[in-house]
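Me: Got a fold open on my screen and want to talk it through. Can you walk me round it?

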Amino acid sequence: MASDANLTVCADPATLAEAAAHLIVDAATEAVRDRGRFLFCLAGGETPRATYARLALPAFSERVRWDRTWIFFGDERAVPPDHPESNYRMAHEALLSRVPIPASQIFRMRGDQTDAEGAAAAYAAEIAAAIGTKRGELPRFDMVLLGLGIDGHTASLFPGSPVLREVFRTVAAVHVAAAQIPQRLTLTFPVLNAAARVVFLVTGPEKAKIVRTVLSEHGGLPAALVRPTDGELIWLTDRAAAALHPVSQAR
Ligand code: 6PG
């Protein structure tokens, strides 16, 4: 459960996108300075689109060492990369096609691969190879962005899914009957909770109930189980999404 201390309420989605872009630039600057590169894991869904678009603007993008940035994805649906529902396509449209990041540093989850288990294992191996994690170690992203579903899911970690109990694999294939696109690939809690910084981006009145539940109850909803063991957890919401929660000072 995230305490209120991690919660920043922004006036509206545009202000949240600006705040998130600043957080990303700061994290990228620190990671490149301290570790020589920025290991950045993107969220899917619609909410992050405004943040990615803001980050792609010169005022932000010119402050990021894209040549030292490695891009990964938190989850992907079982669709091709040019499909309207593809998380990769959204990120590519809003950000990756607009910044000078080497294609070899963008690691797309192959959700469209028919052998879903094979695709999950292959992505886990890609992450380990790209980051250089040793056997038995967990890959540590410098920043992971996440969204929040109205049922409390995050990435493609949905309530009641067996993958919530995964303690070894970093990437899993899941089948979510309730989701519009049931077959997905997702990072698991071990790798999310190994991150140096996790940032939830949540906007809209439809998220107000679930934000209150996740942030104020000890419920075992997936988003409430994202608690970095040695990292920072930040919740960025707009006023509408925080409307039912005793909020911190609005930005
Ligand atoms: C996905 C996302 C998912 C998303 C939430 C919120 O692939 O569906 O990873 O976890 O973040 O469903 O989606 P919105 O931002 O569109 O509300």
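Reply: Sure, we can start with the overall picture and then go to helix packing and single residues. Keep in mind that this is a predicted model.

Me: Ok, how many helices and strands does the protein have?
Reply: The secondary structure comes to seven helices and nine strands.

Me: And what's the radius of gyration of the protein?
Reply: The radius of gyration is 17 Å, and the globule rule gives 18 Å for 251 residues. Those are close, so the protein is as compact as a globular protein of that length. If you want box dimensions, the C-alpha trace spans about 45 × 40 × 35 Å along its principal axes.

Me: What share of the residues count as buried?
Reply: 54% of the 251 residues do.

Me: What about contacts: how much comes from residues 24 or more positions apart?
Reply: Such pairs account for 78% of the contacts with a separation of 6 or more.

Me: Switching to helices. At what angle do H1 and H2 cross?
Reply: Roughly 60°, with the axes coming within 8 Å. H1 covers residues 13-35 and H2 covers residues 48-55. The two helices are therefore oblique to each other.

Me: Left-handed or right-handed crossing?
Reply: The crossing of H1 and H2 is right-handed.

Me: Which residues meet there?
Reply: H1 brings Ala-14, Leu-16, Ala-17, Glu-18, Ala-20, Ala-21, Ile-24 and Val-25, and H2 brings Ala-50, Thr-51, Arg-54 and Leu-55. By class, that contact has nine nonpolar residues, one polar and two charged.

Me: H2 also packs with H4, I think. What's the angle and how far apart are the axes?
Reply: About 30°, with the axes of H2 and H4 (residues 87-96) 8 Å apart. H2 and H4 are therefore roughly parallel to each other, since an angle under 35 degrees counts that way.

Me: And which residues make up that contact?
Reply: On the H2 side there are Pro-48, Arg-49, Tyr-52, Ala-53 and Leu-55, and they meet Met-90, Ala-91, Glu-93, Ala-94 and Leu-95 in H4. The split is eight nonpolar, no polar and two charged.

Me: Let's do strands. Where does Leu-42 sit, and is it buried or exposed?
Reply: Leu-42 is in strand S2 (residues 38-42). Its relative accessibility is 0%, so Leu-42 counts as buried.

Me: What does Leu-42 touch?
Reply: Leaving out residues up to four places away in sequence, Leu-42 touches Tyr-52, Ile-71, Phe-72, Phe-73, Gly-74, Ala-91 and Leu-145. Among these, Tyr-52 and Ala-91 also take part in the contact of H2 with H4.

Me: Same for Thr-237: which strand, and what's around it?
Reply: Thr-237 lies in strand S9. With residues up to four places away in sequence left out, Thr-237 touches Leu-7, Thr-8, Val-9, Cys-10, Leu-16, Val-202 and Ala-242. Leu-16 is one of the H1 residues that meet H2. Thr-237 has 0% relative accessibility, so it counts as buried.

Me: Now loops. What is the phi of Ala-155?
Reply: Positive, about 50°, although Ala-155 is not a glycine. Most residues other than glycine have a negative phi. Ala-155 is in the loop between strand S5 (143-146) and strand S6 (171-175). Its relative accessibility is 12%, so Ala-155 counts as buried.

Me: Where's Gly-111, and what does it touch?
Reply: Gly-111 is in the loop between H4 and helix H5 (116-131). Not counting residues up to four places away in sequence, Gly-111 touches Glu-76, Arg-77, Ala-78, Val-79 and Leu-185. At 8% relative accessibility, Gly-111 counts as buried.

Me: Last one, Pro-228. Which loop is it in?
Reply: The loop between helix H7 (208-216) and strand S9 (232-238). Pro-228 counts as buried because its relative accessibility is 14%, and the cut-off is under 20%.

Me: And which residues does Pro-228 touch?
Reply: Asn-193, Ala-195, Val-198 and Leu-233, again not counting residues up to four places away in sequence. Between Pro-228 and Phe-189, the C-alpha to C-alpha distance is 9.1 Å, and they are 39 residues apart in sequence.

How values were computed:
Residues are numbered from 1 along each chain as its sequence is written. This is a predicted model: local features need pLDDT of at least 70, side-chain atom pairs count only at pLDDT 80 or more; totals for chains, interfaces and linings use all residues. Side-chain values use heavy atoms; hydrogens and water are left out. Axes are lines fitted to C-alpha atoms, for helices over the stretch in contact, and angles run from 0 to 180 degrees between N-to-C directions. Helices (H or I, at least four residues) and strands (E, at least two) are DSSP runs, numbered from the N terminus. Angles under 35 degrees count as roughly parallel, over 145 as roughly antiparallel, 65 to 115 as roughly perpendicular and the rest as oblique. A crossing is left-handed if the near helix is turned anticlockwise from the far one by less than a right angle, and right-handed if clockwise. Contact means heavy atoms within 4.5 Å. Ala, Val, Leu, Ile, Met, Phe, Trp, Tyr, Cys and Pro count as nonpolar, Asp, Glu, Lys and Arg as charged, and the others, Gly among them, as polar. The radius of gyration is taken over C-alpha atoms; the globule rule is 2.2 Å times the number of residues to the power 0.38. Buried means under 20% relative accessible area, exposed over 50%, partly exposed in between (1.4 Å probe, protein chains only).
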